[in-house]
Amino acid sequence: MNAIISNNELPQDDFAVEREDLLRVDNVSLSFGGVKAITNISFDIKKGEIRAIIGPNGAGKTSMLNVINGFYHPQEGTITWQGKVRRKMKPYEAASQGIARTFQNVALFKGMTTLDNIMSGRSLKMRKNFFLQMAWIGPARTEEIEHRKKVEEIIDFLEIEAIRKTPVGRLPYGLQKRVELGRALAMEPDLLLLDEPMAGMNLEEKEDMSRFILDVNQEFGTTIALIEHDMGVVMDLSDRVVVLDYGKKIADGAPGDVQASQAVIDAYLGVSH
Amino acid sequence: MLYDIFIDPFVQMVEMPDFFLQVLWEGFVAGILYALIALGFVLIFKASGVFNFAQGIMVVFAGLTLVGLHENGVPAFLALILTIGVMGVLAYGIERVVMRPLVNQPDIILLMATIGLTYFLIGFGEFVFGGEPKRMIAEELGLPTGSTAFEMGERGLVILQHIDIAAAVIAIIMVTALGIFFNKTRIGRALRAVADDHQAALSVGISLNQIWAIVWFAAGLVALATGIMWGARSDVSFALEIVAFKALPVLILGGFTSIPGAIIGGLIIGFGEKIGEIYWGGLVGGGIESWLAYIIALIFLLFRPQGLFGEKIIERV
Amino acid sequence: MFYREAGQFKTSYEADQSLFPIRQDRIGLAVILLVAFIVIPLTANDFFLTSIMIPFLVFSLAAIGLNVLTGFAGQLSLGSGAFMGVGAYAAYKLTSIFPDVNVIFLVLVSGVFSAGVGAIFGLPSLRIKGLYLAVTTLAAQFFLEWCFIRIPWLYNYNASGAIEIPKREMFGVTISGAEATPIARYFVVLVITVLIAGLIANVMRGRIGRSWMMIRDMDIAAELMGIRPLQTKLLAFAVSSYICGVAGAMMVFFWLNAAEPSSYSITLSFQILFMVILGGLGSIAGSFMGAAFIWILPVFLKFVPGAIGIEIGAETVEHLTFMIVGALIIFFLIVEPHGFARLWQIGKQKLRVWPFPY
């Protein structure tokens, strides 16, 4: 069973072999002062897959996402994005390269409406300058309206038409999560990072969210990396799973293989000494 | 020009050491007073996360109450005790009317509330005591007056005002007392608990309201001491309010939650300001005291945003 | 009952995104503009124009300026008074250097100078936030005030240390200087204020306004959505300071006729800040309401008790104003942190569902 850890030698799922890497993380280590958050982690995310990152609390999952979208800078290791080694970059540069993200604790813009929140995802795609916007004429207005159409498509897709003009601070948690997904989708990303998209949801909401994630993946072909604690969801949704514990990678592979791994079982249930 | 900036001031310092020492002393005393104002800010910030903009006006208000009572025939020491009582009532009132309804609001809202409080207290203070400056009753309170001149061999004199020495001593006593209060007593522990996490503190049975009233009262006492000292040096007037803004750069240097930080920050600003004004101010026309402190703080912020004694902040998402 | 949007359907996104999507709001705005442009000039006396309307409009514009920075972009500033001063001194210097150029044009250009100064003092905003930033703006306030006193070139070496506004004409009408009629000044101030308010309202419904609000609401998330924090914040500083600068220049050119450094002291900064808080952070209409309240309250206190037979001294009025304003700020922060603008919204909402209470 321990073979899973070094699964590179084992024959893998067909698709992992066929598809090319969207993102590769090689030997990445990250520490804060003396505290090691991530130690020597390597894994890859293939184009078009749903990749789950799981592990107990404090395993370094969120830190990993933060590294991927440029919020933390690892002390060691390289990140390869679409075949090119990435230099140290700011979060907004990662965003402009096509990495979008949702957050563990909803990070919506509380003072804005659902519509404006999702419109904010279009920021990078809008170009018209300050003076044109000020006059609200010609190109600036056309641009706003064009993007509004796109945003309305996302609103339809996520079935949140009714709350279009509601300030997001007033929405229930489940809907906020949905709006946050919408905002990330509005960026039309190549890679979508979802940090616990189903935390704190009831069964129906989880089912809805799972459906949206699968739809996004299949309809738009968006690659998704998600962190989730609900193992049922992870096993059903994801194509491949990487397991972290105490900042180290302990397993990587297809959901079924990972589930059977002794190291993973030990990490979740503890080991008797 | 370069000579004027980089060499001449130092030559002057060496050539006239008595004058330089005098400047240092002035800086020290100003620094102590800034530190006292900053101390009031730190107390409240530590316990409630509120940046109390009204600390400056509380200093004026305390001073005015003391002087005002004395003017109306109350003996000096009785007036002092009554003023302490007034600060207690004020603390309770602020906790009741301002702080309690605003619990858990964002920092910026609380800051603005204390700005509102400042305005209210300015209006109220002027309404009751009038707007003109008043003389502090330092002598009546038994504070030393007069001065001592130290001869420095052949090089001249350094004059120390007794009231300044008293201010320094009182500041040191207050800081020590507050340090003991924070670290050794039950209320001090509760205070630090509240500062860390309101809800957790509530859940172990600490009364938030009581703690806040105590902190505001302590800050009121610090304000009273500051008011007496500052008033004895100049006058008790609303002009002090502008001086209180100097506490902001002091806090930036020292960190918002550190008592020793407030003292050291205050001294740095005090020294920096006086030396800068005397030796370099003339080059640009003087009067740079009004903004030098902020520029020092600004430069500091760019290199060490957490202050001298603060911990590095790691942002999380 | 009168305020219902039922039956008003929009058939395009364009209509839905207009500034006033509801018909009653459009009518209301038309009425206000009608009063401002026609009724007031026809009926008001000089006192009303000079002591109430002109300062109200100037302060409204300044409040809009600060609101861009503090209310929309979430960067607290205590230096708006000094930025107004930069505008005033810049406009003054410009009129002395180019005496033949139209004074309104120069006033509008003077804002560019304060935008530049504002952007410089906004630079630290990349690394510091909240209270710490407030210190930066205090530095700006005290440093600029010092410049107004210590650099005699700025006030043309006047012995008094003050700037005095020369007489300037446009289309044969005197619009600045002591001889200008209140009505001429009123029109100039009104047009500039309404124009800038409209332009800023447009900015706020587009990408740039949104990017400011993103930074305000959740700066980390904004950055992860591709917003460049430094550029966005600097633009907010520049735009805010531009508007404040124009307001400051108008203050001396079309209202006070003369100004000294203390006109642009920290007291002014706080006054503007209060207008923004009471009016409503992040609301342009609120800026007008806040300015009206803060400016008109003292005037009201000065004249109304006298009119009903109670004598109150000038000093007492000032003290009372301070107390009432201070107490109201606390009151508003407690009951409605979004100020008059939100109360207005709530009022409209109530009307919409009338006669039902919810």
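**A helix crossing, a chain and an interface**

In chain C, three residues of helix α4(C), namely C:Ser80, C:Gly81 and C:Met84, make contact with C:Ile266, C:Leu268, C:Ser269 and C:Ile272 of helix α11(C). By type, the residues of this contact are four nonpolar, three polar and no charged. The model is a predicted one.

How do the two helices cross? Helix α4 of chain C covers residues 80-97, and helix α11 of chain C covers residues 266-279. Their axes lie 6 Å apart, at an angle of about 110°. Angles of 65 to 115 degrees count as roughly perpendicular, so α4(C) is roughly perpendicular to α11(C).

Turn now to chain A. Chain A holds 11 helices and 10 strands. Its C-alpha trace spans about 70 × 40 × 40 Å along the principal axes. The radius of gyration of chain A is 20 Å; this agrees with a compact globule, because one of 273 residues would have a value near 19 Å. Of those 273 residues, 44% count as buried. Contacts also reach along the sequence of chain A. Among those between residues at least 6 apart, 70% join residues at least 24 apart.

Last comes the meeting of chains B and C. Here 37 residues of chain B are in contact with 30 residues of chain C. On the side of chain B that touches chain C, α5 (107-129), α11 (247-254) and α13 (289-303) each supply at least two residues. Helix α5(B) gives the largest share, 16 residues. What types of residue make up this side of chain B? It divides into 28 nonpolar, six polar and three charged residues.

Definitions and conventions: Residues numbered from 1 in each chain as written. Chains lettered and ligands numbered in written order. Predicted model: local features only at pLDDT ≥ 70, side-chain atom pairs only at ≥ 80, totals over all residues. Axes fitted to C-alpha atoms, helices over the stretch in contact; angles between N-to-C directions. Helix = DSSP H or I, 4+ residues; strand = E, 2+ residues; numbered from the N terminus. Parallel < 35°, antiparallel > 145°, perpendicular 65-115°, else oblique. Contact = placed C-beta atoms within 7 Å. Nonpolar A, V, L, I, M, F, W, Y, C, P; charged D, E, K, R; others polar. Rg over C-alpha atoms; globule rule 2.2 N^0.38 Å. Buried ≥ 20, exposed ≤ 12 C-beta atoms within 10 Å, placed from the backbone.
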